[in-house]
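Q: Could you walk me through this model, beginning with how its elements are named?

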Amino acid sequence: MIVDGELRPPGDKSISHRALLLASMAKGTSRIKRLSPSVDVQSTARVLRMLGVEIPWSPGEVSINGLGIGGLRAPHDSLECGNSGTTARLTAGLISASAFNCTFTGDISLSRRPMRRIAEPLRAMGAHITLQDEEHLPMTVSGNSLHSIDWSSDVASAQVKSAILLAGLAGRVAVSVTEPVMSRDHTERMLARMGASVTVAKQRIRLEPCEYLQPLELNVPGDPSSSAYPVALATLANRGELTIRAVCLNQTRTGFYRVLSRMGGNTGLRLEGEEGGEPVGTIEAHHAALRGVRISPDEIPSIIDELPVIACLAARADGVTTITGAGELRVKESDRISNMVSNLRQVGVIVEELADGMRITGTDAPLKGRVVTNADHRVAMAFGVLALDNRNAIDIDQPGCVAVSYPDYWDDMQSILR
Ligand code: S3P
């Protein structure tokens, strides 16, 4: 297999959600280029439209006239968030200071995911929130005038942190959030870029009350999580050289590339500049023979979305890879520990399931079988890497679910195969 050529990945999904949410709060017109074309980001756009924001849909360039802080309007129906946890959790924070009620709903996967982690801090700030079984969607948020909070989160979750920061923004109150390990920091960076006063000391982030946000001019950097799949394919190839340009190289997102290098990967990251307060650069990837590694709990937040593709690379490494401290994987779009373990076994890999991770024994035998994704986009894309290797015979049950984050995944991956 030869993997060669250049790719421009889709705009980063996390940054795109935040750009839509914060541009909606700004005073003036924001212009956002290369927005992620993902179904998840379309869910955020749809929900914001229901809250009164005009958002013409085009991943090319979008102009948004912000309604100002506190300018959102009561929706006529429940806010359907599809598969997107980021849409539900961040929007809940943003509307928790509004003088109206909203009900959040989602698809089967999102309806199984935990929401108490955001309900607790938002309630502590003064919002009224009801949850199905005290944990799940449908969730009703009745906004209120909020008070300041200094919250310590027991999970390293950017969605929890961001929900609190957005509630502080909307309620014009100071908020501090401390996390056990730093999670992705795009909300803090974008708020600061738009003129808010944000300070970061170790894992403690503080946002001061904010009068107004300046509009955003942003060319969304490429998604480092989406880029991990073509990089993994280039690593498993016999030869070739893959170049991926204009990728977000924020340290809270590049853990995959650090783990890959420890596994023996031959991938270089070249920092070239900045876009919207985010470091941006080029990734170059070549073939490498991989070895098994130990992945420690502290690394997990920076590789949380890449663990499925790391598990698939570990299946092709020499020796054993152990992942621990990754219990959060059980509450993603699917239970990604049991989903990965059963599918790796299904295609012929020896893997042991742990309560908070897995232990994978690499093999170079051809892998064969049908992968049952449970419609989890990252499981489909991770096994997609193994399926595209013509030494294997793997079939993916729902290849279309990749659209949740990367609609052009299959075309982009085919375009670099020679
Ligand atoms: C995201 C945060 C992470 C990540 C998700 C996107 C974000 O979730 O897994 O894909 O954009 O804030 P958690 O906050 O639940 O860790």
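A: Strands here are DSSP runs of E with at least two residues, and they are numbered from the N terminus. This is a predicted model, and in that numbering Pro138 falls within strand β7, which covers residues 136-142.

Q: What is the peptide bond from Leu137 to Pro138, cis or trans?
A: The bond between Leu137 and Pro138 is cis, with an omega near -5°. Most peptide bonds are trans.

Q: OK, on to the ligand: which residues surround it?
A: The surrounding residues are Ser14, Arg18, Thr86, Arg89, Ser157, Ala158, Gln159, Arg184, Ile304, Asp305 and Lys332. Sorted by class, that shell has five charged, four polar and two nonpolar residues.

Q: Which helices each supply at least two residues of that shell?
A: Those are α1 (13-25), α3 (85-95) and α6 (158-171). As for domains, domain 1 (13-219) and domain 2 (221-415) each contribute at least three residues to the shell.

Q: Where are the polar atoms of Ser157, Gln159 and Lys332 relative to the ligand?
A: A side-chain N or O atom of Ser157 is 2.6 Å from an oxygen atom of the ligand, a polar side-chain atom of Lys332 is 2.7 Å from a ligand oxygen, and for Gln159 a polar backbone atom lies 2.9 Å from an oxygen of the ligand.

Q: And how much of the ligand's accessible area does the protein cover?
A: The protein covers 94% of the 390 Å² that the ligand has on its own, and the space taken by the ligand is the largest pocket.

Q: Changing topic, what is the phi of Arg34?
A: Arg34, which is not a glycine, has a positive phi of about 55°, and this residue sits in the loop between β2 (29-33) and α2 (39-50).

Technical notes
Residues numbered from 1 in each chain as written. Predicted model: local features only at pLDDT ≥ 70, side-chain atom pairs only at ≥ 80, totals over all residues. Heavy atoms only, no water. Near = heavy atom within 4 Å. Polar contact = N/O pair within 3.5 Å; in protein donor to acceptor, adjacent residues only side chain to side chain. Areas by Shrake-Rupley, 256 points an atom, 1.4 Å probe, with all protein chains shown as cover. 1 Å grid on protein atoms, 1.4 Å probe; cavity = no way out; pocket = protein on both sides within 12 Å on 5 of 7 lines; lining within 4 Å. Sits in = over half its atoms within 2 Å of the grid points. Helix = DSSP H or I, 4+ residues; strand = E, 2+ residues; numbered from the N terminus. Nonpolar A, V, L, I, M, F, W, Y, C, P; charged D, E, K, R; others polar. Domains from an automatic or database assignment.
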